[in-house]
Amino acid sequence: MIYRGKSTIAIPPGETIVEMMDDRKIARSELAARMNMSEQQLNRLLDGKVPVTPQISSKLEKVFGIPAYFWLNLEAIYRKDIAKIAREAHGRHGTSLSVGM
């Protein structure tokens with residue numbers, strides 16, 4: 001889920017994963033199988049509802065050939081940006097996070 005704040009946009013690592021899937025013509029069902037997870041678990045990962053863990057980043061590295069630290073870094077940036085947006089929203093009395101697709 002993409003969150004928008006006053007000065008920050010938080011983009012989940014799942015957006016990059018989806019781009020990689022599209023580039024390589026990998027279906028969600030295929031990626032889920034290759035990562036040994038259910039499609040529901042994969043969807044939650046792609047939506048940013050569950051974090052990229054070291055275990056998941058290793059699986060992504062094997063599938064896409066992109067180092068695990070890349071995926072962990074995207075996750076860290078995403079979580080940092082969500083926190084920043086929440087602080088901005090909290091400071092504006094009653095304004096909630098803006099969610100974009």
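The exercises below, each with a worked solution, concern a predicted model of one protein chain.

**Exercise 1. The overall layout**

Task: State how many helices and strands the protein chain has, and in what pattern they follow along the sequence.

Solution:
- Step 1. Count the elements: the secondary structure comes to 5 helices and 3 strands.
- Step 2. Read them along the sequence, which gives the pattern β-β-α-α-α-α-α-β.
- Step 3. Place the helices by residue number: α1 covers 13-24 and α2 covers 28-34, α3 covers 39-46, α4 covers residues 54-64, and α5 covers residues 68-90.

**Exercise 2. Extent and surface of the chain**

Task: Describe the box that the C-alpha atoms fill, the share of buried residues and the exposed area.

Solution:
- Step 1. Along the principal axes, the C-alpha atoms fill a box of roughly 45 × 25 × 20 Å.
- Step 2. The protein chain has 101 residues, and 36% of them are buried.
- Step 3. About 6,200 Å² of the chain is exposed, with carbon and sulfur atoms supplying 53% of this area.
- Step 4. For contacts between residues at least 6 apart in sequence, 59% join residues at least 24 apart.
- Step 5. As an example of a distance across the model, take Arg87 and Met20, which are 67 residues apart along the chain and have C-alpha atoms separated by 31 Å. Arg87 lies in helix α5.

**Exercise 3. Positive phi outside glycine**

Task: For Lys25 and Asn36, give the phi angle, the place in the chain and the exposure.

Solution:
- Step 1. Recall the background: most residues other than glycine have a negative phi.
- Step 2. Lys25 is not a glycine, yet its phi is positive, about 55 degrees. Lys25 sits in the loop between α1 and α2.
- Step 3. Asn36 is not a glycine either, and its phi is about 60 degrees. The loop between α2 and α3 holds Asn36.
- Step 4. Apply the cut-off for exposed, which is over 50% relative accessible area. Lys25 has 72% relative accessibility, so it counts as exposed. Asn36 has 65%, so it also counts as exposed.

**Exercise 4. Salt bridges**

Task: Identify the salt bridges in the model and state whether Arg34, Glu30, Arg79, Glu75, Asp81 and Lys80 are buried, partly exposed or exposed.

Solution:
- Step 1. The rule requires a side-chain nitrogen of Lys or Arg within 4 Å of a carboxyl oxygen of Asp or Glu. By this rule there are 3 salt bridges.
- Step 2. One of them pairs Arg34 with Glu30, where the closest N and O atoms are 3.3 Å apart. Both residues lie in helix α2, 4 residues apart, about one turn of the helix. Arg34 is partly exposed because its relative accessibility is 44%. Glu30 is partly exposed because its relative accessible area is 34%.
- Step 3. Another pairs Arg79 with Glu75, at 2.4 Å from N to O. These two are in helix α5, again 4 residues apart, about one turn of the helix. Arg79 has a relative accessible area of 34%, so it is partly exposed. Glu75 has 7% relative accessibility, so it counts as buried.
- Step 4. A further salt bridge joins Asp81 to Lys80, with the closest N and O atoms 3.4 Å apart. Asp81 is buried because its relative accessible area is 12%. Lys80 is exposed because its relative accessible area is 53%.

**Exercise 5. Charges on the surface**

Task: Name the residues of the negative surface patch and give the separation between the mean positions of the positive and negative charges.

Solution:
- Step 1. The patch is formed by Glu15, Glu19, Asp22, Asp23 and Asp47.
- Step 2. Take Glu15, a residue of helix α1. Its relative accessibility is 33%, so it counts as partly exposed.
- Step 3. The chain has 15 positive and 11 negative charges, and their mean positions are 6 Å apart.

**Exercise 6. A serine in helix α4**

Task: Decide whether Ser57 is buried or exposed, and list the residues that it touches beyond four places away in sequence.

Solution:
- Step 1. Locate Ser57 in helix α4.
- Step 2. Buried means under 20% relative accessible area. Ser57 has 1%, so it is buried.
- Step 3. Leaving out residues up to four places away in sequence, Ser57 touches Val52, Ala68, Trp71 and Leu72.

Key
Residues numbered from 1 in each chain as written. Predicted model: local features only at pLDDT ≥ 70, side-chain atom pairs only at ≥ 80, totals over all residues. Heavy atoms only, no water. Buried < 20%, exposed > 50% of the residue type's maximum accessible area, 1.4 Å probe, protein only. Patch = residues over 30% accessible without salt bridge, like charges linked within 9 Å, V, L, I, M, F, W, Y side chains within 5 Å. Areas by Shrake-Rupley, 256 points an atom, 1.4 Å probe, with all protein chains shown as cover. Lys, Arg positive; Asp, Glu negative; His and termini not counted. Charge placed at Lys NZ, Arg CZ, Asp CG, Glu CD. Contact = heavy atoms within 4.5 Å.
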